[in-house]
Amino acid sequence: MGFKIFVVAMMVGFIAAAQISLASTVPAFLWAPGFSSVESKESVNYQIMSPKDLANSVLSQGGWSDLLCSERKNERPVDLAVVFVGRELHSSDVAGNKHADPALLNLLKDSFTKTNFSMAFPYVATSEEETMENLLVSSFKEACGHGLGVANVAFLESCSIEGGDFQKLANLHSVHDHLVSRMEKRTKGETDLVVLCHGGFQSLKELDQPFPESEILTEVMSSVEQSGAKYAALYVSDPFKSIHYPGYREPERFLADDTAKNGSASPKVCDEVCKLKSSLLEGVLVGIVLLLILVSGLCCMMGIDTPTRFEAPQEN
């Protein structure tokens, strides 16, 4: 009896920890219809990884190093690399959460299963200090060593990307025009990089309400296919970020610089994976506390010596 109670309590604790883990991570999907020359590949990486690890996996395992870094332009298999940063999905949504948009999940599922080359990363830790798009682009540049070796880099104005002389796109119409224009001007062997963020499509004047993310992604992929470009796409979610303003980090930088001058700054920084593991540890500790409370209550109940039979009253 006691062992069964212990097992149930431990399962409750681990389930609580798993829920915290799923709530703190986001999914990412990579598919590449343009990789027609490679063997069919469909893989899933279940490791919990940081955005930097995701970028390195996309470059090495996903073949994007030949697109963004390689100098062998004549051998590049695709013309366009698309990064779409969504704002809706958590890792728990992919596991069957009813609150997720089914149209978006079906779109990602079809893109993953119906292309020649696809990869999935269900557990990507997010950062509270930087946006996902900035972490990915900076990680791409760092991994390439000498910067991005692409012909053109364009991103939506809602995307928060620091550094670099990149072309900015205003809305969905400008994205379509940019794709058509680059298809006409691009020389053979060149690859372009386009970074899109869902928040940028809320400012269209002809819309009273923002587009659902599934419709935006469908429209973007339709524009890419209509342009005739061979492409590879990366979808990653970042629901913990709202629209960022350029000056919101200035007070943080000032305080960080002031702390560093006083000599009290610590060189050890807890990154995304570290924060995720700390949240997981919190869930385990909560499960242990619940287990102790349950065992204590059962011991108290078992310690109460209540007689099962009472004597009949004696007659005088």
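**Exercise 1. Describe how helix H2 and helix H6 pack, and state which class their angle falls into.**

*Solution.* Step 1. In this predicted model, local features need pLDDT of at least 70, side-chain atom pairs count only at pLDDT 80 or more, and totals for chains, interfaces and linings use all residues. Residues are numbered from 1 along each chain as its sequence is written, and side-chain values use heavy atoms, with hydrogens and water left out.

Step 2. Helix H2 spans residues 51-60 and helix H6 spans residues 132-144; their axes lie 9 Å apart and meet at an angle of about 50°. Helices (H or I, at least four residues) and strands (E, at least two) are DSSP runs, numbered from the N terminus. Axes are lines fitted to C-alpha atoms, for helices over the stretch in contact, and angles run from 0 to 180 degrees between N-to-C directions.

Step 3. H2 and H6 are therefore oblique to each other. The classes are roughly parallel (under 35 degrees), roughly antiparallel (over 145), roughly perpendicular (65 to 115) and oblique (the rest).

Step 4. The two helices, H2 and H6, cross in a right-handed sense. A crossing is right-handed if the near helix is turned clockwise from the far one by less than a right angle, and left-handed if anticlockwise.

Step 5. On the H2 side, the contact is made by Pro51, Lys52, Leu54, Ala55, Asn56, Val58 and Leu59. On the H6 side, Met132, Leu135, Leu136, Ser139, Phe140, Glu142 and Ala143 take part. Contact means heavy atoms within 4.5 Å.

**Exercise 2. Determine whether Asn56 is buried, partly exposed or exposed, and list what it touches.**

*Solution.* Step 1. Asn56 belongs to helix H2. Because its relative accessibility is 30%, Asn56 counts as partly exposed. The cut-offs are under 20% relative accessible area for buried, over 50% for exposed, and in between for partly exposed (1.4 Å probe, protein chains only).

Step 2. Leaving out residues up to four places away in sequence, Asn56 touches Gln61 and Ala143.

Step 3. Asn56 and Glu142 are 86 residues apart along the chain, and their C-alpha atoms are separated by 9.7 Å.

**Exercise 3. Classify the packing of H7 against helix H8.**

*Solution.* Step 1. The axes of H7 and helix H8 (residues 213-226) are 9 Å apart, at an angle of about 20°. That makes H7 roughly parallel to H8.

Step 2. The crossing of H7 and H8 is right-handed.

Step 3. From H7, Leu172, His176 and Leu179 meet Glu219, Val220, Ser223, Val224 and Gln226 of H8.

**Exercise 4. Place Thr25 and Thr191, and identify a polar contact or close polar approach for each.**

*Solution.* Step 1. Thr25 lies in strand S1 (residues 25-31). With 0% relative accessibility, Thr25 counts as buried.

Step 2. Beyond residues up to four places away in sequence, Thr25 touches Ile48, His90, Ser91, Pro122, Tyr123, Val124, Ala125 and Leu276. The side chains of Thr25 and Ser91 share a polar contact of 2.7 Å. A polar contact is a pair of N or O atoms within 3.5 Å; within protein, one must be able to donate a hydrogen and the other to accept it, and residues adjacent in sequence count only if both atoms are side-chain atoms.

Step 3. Thr191 sits in the loop between helix H7 (172-185) and strand S7 (192-197). Thr191 also counts as buried, at 0% relative accessibility. A polar atom of its side chain lies 3.1 Å from the backbone oxygen of Val78.

**Exercise 5. Compile the setting of Thr115 and Lys41.**

*Solution.* Step 1. Thr115 is in the loop between helix H5 (102-113) and strand S4 (117-125). At 17% relative accessibility, Thr115 counts as buried.

Step 2. The Thr115 side chain reaches the backbone oxygen of Ser111 at 2.9 Å. Apart from neighbours within four places in sequence, Thr115 contacts Trp31, Ala32 and Pro33.

Step 3. Lys41 is in strand S2 (residues 41-44). Lys41 is partly exposed, its relative accessible area being 32%.

Step 4. The C-alpha atoms of Lys41 and Thr115 are separated by 8.9 Å.

**Exercise 6. Summarise the whole chain.**

*Solution.* Step 1. The protein chain has 10 helices and eight strands. Of its 316 residues, 42% are buried.

Step 2. Among contacts between residues at least 6 apart in sequence, 83% join residues at least 24 apart.
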